[in-house]
Structure formats: structure tokens, C-alpha cells
Amino acid sequence: MSIKRFLSGIILFPIFAIILIFGNKYLVDIFISIVALMSLHEFYKAFNKKANLIQWPGYITAILISFIHVIPGEYVLPSITLIILINILLLFIVLVASGMKKNIKDIAISLFGTCYIVFFLMFAPLIRDSMENGRILIWYVFFIAWGTDIFAYVIGKNWGKHKFTEISPNKSIEGCIAGVIGAALLSIIFTAVCNNIWYVNFNYTYILIISIFLSIISQIGDLAASSVKRYCEIKDYSNLIPGHGGLLDRIDSVIFILPFAYFLLSII
């Protein structure tokens, strides 16, 4: 399984990196939209036996990511708020029109999937193309999320003795602490590289503090995804990526920190 994980990463990461580094903002919007559609599909499929979901508003919203940079910058966040309100309205219309075939749990889970996956992912293109040094900062977000995962996994697997939560029995307190420390160390290295190679002027202290917050949020996001899978009685969202599970399994912690990263990094 570890060989499958390695080979999958070797194949997929360059594709992912090329699009984010060299793609124009419209290509990135389309790419993130496709990721949102695929991830949302995995999420909805996980609840097949638990709820009768209303899926089409979520899919339409995911497609709208493709047009996020068509909207003038000052109207993007108000537009996202409006789309959330329209989603809620549409779901309640379907609920009322269904004649009791849908219930509040169905629309609650449907809306949760849209907010958790689609709206959170919308902040990826916003960070990359709407912020100063965005092409650098979007990688900072990925490094913090994945760095947290790697440090937590390695330390937890080899030295973890105190279980953290029943939601994810393999996670340990030692691993969680190591994830935060690892993210902090990576942030210092990242800041040094950026300041000395790309001649930006990131503040070490501020980036370090943000990294600690984002690392904690990343782990909460990972545990939240685990709790969803336990509720749905599945191990992975799908088997799309050999050794990794589904696409949502691979990016769940990244998704969770994107909006928080956007607002924290916007005041650098």
C-alpha cells in the first residue's frame, strides 16, 4: 500500500503543481471546480444509505467556481454570501415541494456538503489570484496542511502512546503536537526561502503564529472528515487514488484551512 501511495503521489503531484504554478486564473478556476465536483460526488455517495440528499444545487454551485474571476473583485465575497442564501432557499423549496419525501436531515447534510467542500474550495483561487504573492501563499497553505499530516503520522506511528480521540483511534496526542511543531518549523523554512529567493517580505513571527493556528485547524478538519466517515461506516470516500482513497481523503485537511488562511493572510 505504501508503494501505491508513493507512485500515486509521483504521478499526480506534478500535474497538480503545473496547473497551480503555470495555469492562468481561468484554468485554475476550472481545475478547482472539477476538484469540487469530484469531491462533492464522493461526499454525497458516502451518505447514500443515511439520507436522501438533494444534490443538484451543490453541483451547480461547484460549477460556478469556474466563473469566480469573472466577478469583479469587490463583489466576490458578497456573491459567495448570496449563493449560500440561494442554496438554502432552493433546498427549502425542494423540501416543501417534496410532500414529506425529503426531511430536514436531507437538506441539512446537502447544505453541509456544499458549504464544507464547495465554498471552502472557492478560497483556493481567491488566495492564488486575488492576493499579493498569491502564487506563493497558496503553496504555503498546502505545505502547512500536508506538513501537519506527515509529522503527525510519522511521530504518532512510531512514538505515539496516548490516544487522542475515539473518532480516529490511530491518532495520538504526541502525533497531534508533532503536527503543530512540524508545521511551525516548515513555516520558518518557507518564510526564509521566500524572503531570500523571491525577495518578498513575510514577517517570520506572523507567519509562525498563523501556521500554528492553521495546523490546529487542519487537524480539526481531518478529525471532522474521520467523524463523517465513521458515521457513514466507510473507510475511505472512494478508491479513486490508489493508496490514498478518494480525492476528498487526500484534500480534506487542506479544504478546512483555506478560508481561514485567506482571512489571516489578507492582513499580512
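# Exercises on burial, salt bridges and nonpolar groups

Aspartate 129 has a relative accessible area of 24%, so this residue is partly exposed. Keep in mind that we're working with a predicted model here.

**Exercise 1.** Work out whether each partner in the salt bridge of aspartate 129 is buried or exposed, or something in between.

*Solution.* Start with the partner: aspartate 129 pairs with arginine 128, and their closest N and O atoms are 2.6 Å apart. Next, apply the cut-offs: buried is under 20% relative accessible area, exposed is over 50%, and partly exposed sits in between. With 24%, aspartate 129 lands in the partly exposed class. Arginine 128 comes in at 2%, so that one is buried. Now look at the surroundings. Helix 6 spans residues 123-130, and six of its eight residues are buried. Arginine 128 is on that buried list, along with Phe123, Ala124, Pro125, Leu126 and Ile127.

**Exercise 2.** Find which parts of the chain the salt bridge between lysine 229 and aspartate 249 ties together, and classify both ends.

*Solution.* First, the distance: the closest N and O atoms of lysine 229 and aspartate 249 are 2.7 Å apart. Second, the location: lysine 229 belongs to helix 9 (residues 204-232) and aspartate 249 to helix 10, so the bridge links parts that are 20 residues apart in sequence. Third, the burial: lysine 229 has 11% relative accessibility and is therefore buried. Aspartate 249, also listed at 11%, is buried too. Finally, check what else the aspartate does: the side chain of aspartate 249 reaches the backbone nitrogen of glycine 246 at 2.7 Å.

**Exercise 3.** Classify the two ends of the salt bridge between lysine 235 and aspartate 236.

*Solution.* The closest N and O atoms in this pair are 3.8 Å apart; the cut-off for a salt bridge is 4 Å, so the pair counts. Lysine 235, at 70%, is exposed. Aspartate 236, at 30%, is partly exposed. For the overall tally, the structure holds four salt bridges.

**Exercise 4.** Describe the nonpolar cores and say which helix gives the most to the largest one.

*Solution.* The largest nonpolar core has 69 residues, and Phe43, Ile127, Tyr140, Leu258 and Leu265 have the most contacts inside it. Helix 10 (residues 247-265) gives the most, contributing eleven residues. There's also a second, separate core of six residues, including Leu91, Leu95, Ile107 and Leu111. To zoom in on one hub of the largest core, take tyrosine 140: leaving out residues up to four places away in sequence, its contacts are Ser187, Phe190, Ile207, Ile210, Ser211, Leu214 and Leu265. As background, nonpolar side chains in soluble globular proteins tend to be buried together.

**Exercise 5.** Locate the nonpolar patch on the surface, then place isoleucine 60 within the structure.

*Solution.* The patch is formed by Tyr26, Trp56, Ile60, Ile63, Leu64, Phe67 and Val70, with about 670 Å² of accessible area together. Helix 3 (residues 56-64) gives the most to the patch, with four residues. Isoleucine 60 is in helix 3, and its relative accessible area of 44% makes it partly exposed.

**Exercise 6.** Explain what surrounds serine 66 and whether this residue is buried or exposed.

*Solution.* Serine 66 lies in the loop between helix 3 and helix 4 (76-97). Its relative accessible area is 18%, so serine 66 is buried. Not counting residues up to four places away in sequence, serine 66 touches Asp29, Ile30 and Ser33. With serine 33 there is a side-chain to side-chain polar contact of 3.1 Å.

Note on methods:
Residues numbered from 1 in each chain as written. Predicted model: local features only at pLDDT ≥ 70, side-chain atom pairs only at ≥ 80, totals over all residues. Heavy atoms only, no water. Core = buried A, V, L, I, M, F, W, Y, C linked by side-chain atoms within 4.5 Å. Buried < 20%, exposed > 50% of the residue type's maximum accessible area, 1.4 Å probe, protein only. Helix = DSSP H or I, 4+ residues; strand = E, 2+ residues; numbered from the N terminus. Contact = heavy atoms within 4.5 Å. Polar contact = N/O pair within 3.5 Å; in protein donor to acceptor, adjacent residues only side chain to side chain. Patch = residues over 30% accessible without salt bridge, like charges linked within 9 Å, V, L, I, M, F, W, Y side chains within 5 Å. Areas by Shrake-Rupley, 256 points an atom, 1.4 Å probe, with all protein chains shown as cover. Salt bridge = Lys/Arg side-chain N within 4 Å of Asp/Glu carboxyl O.
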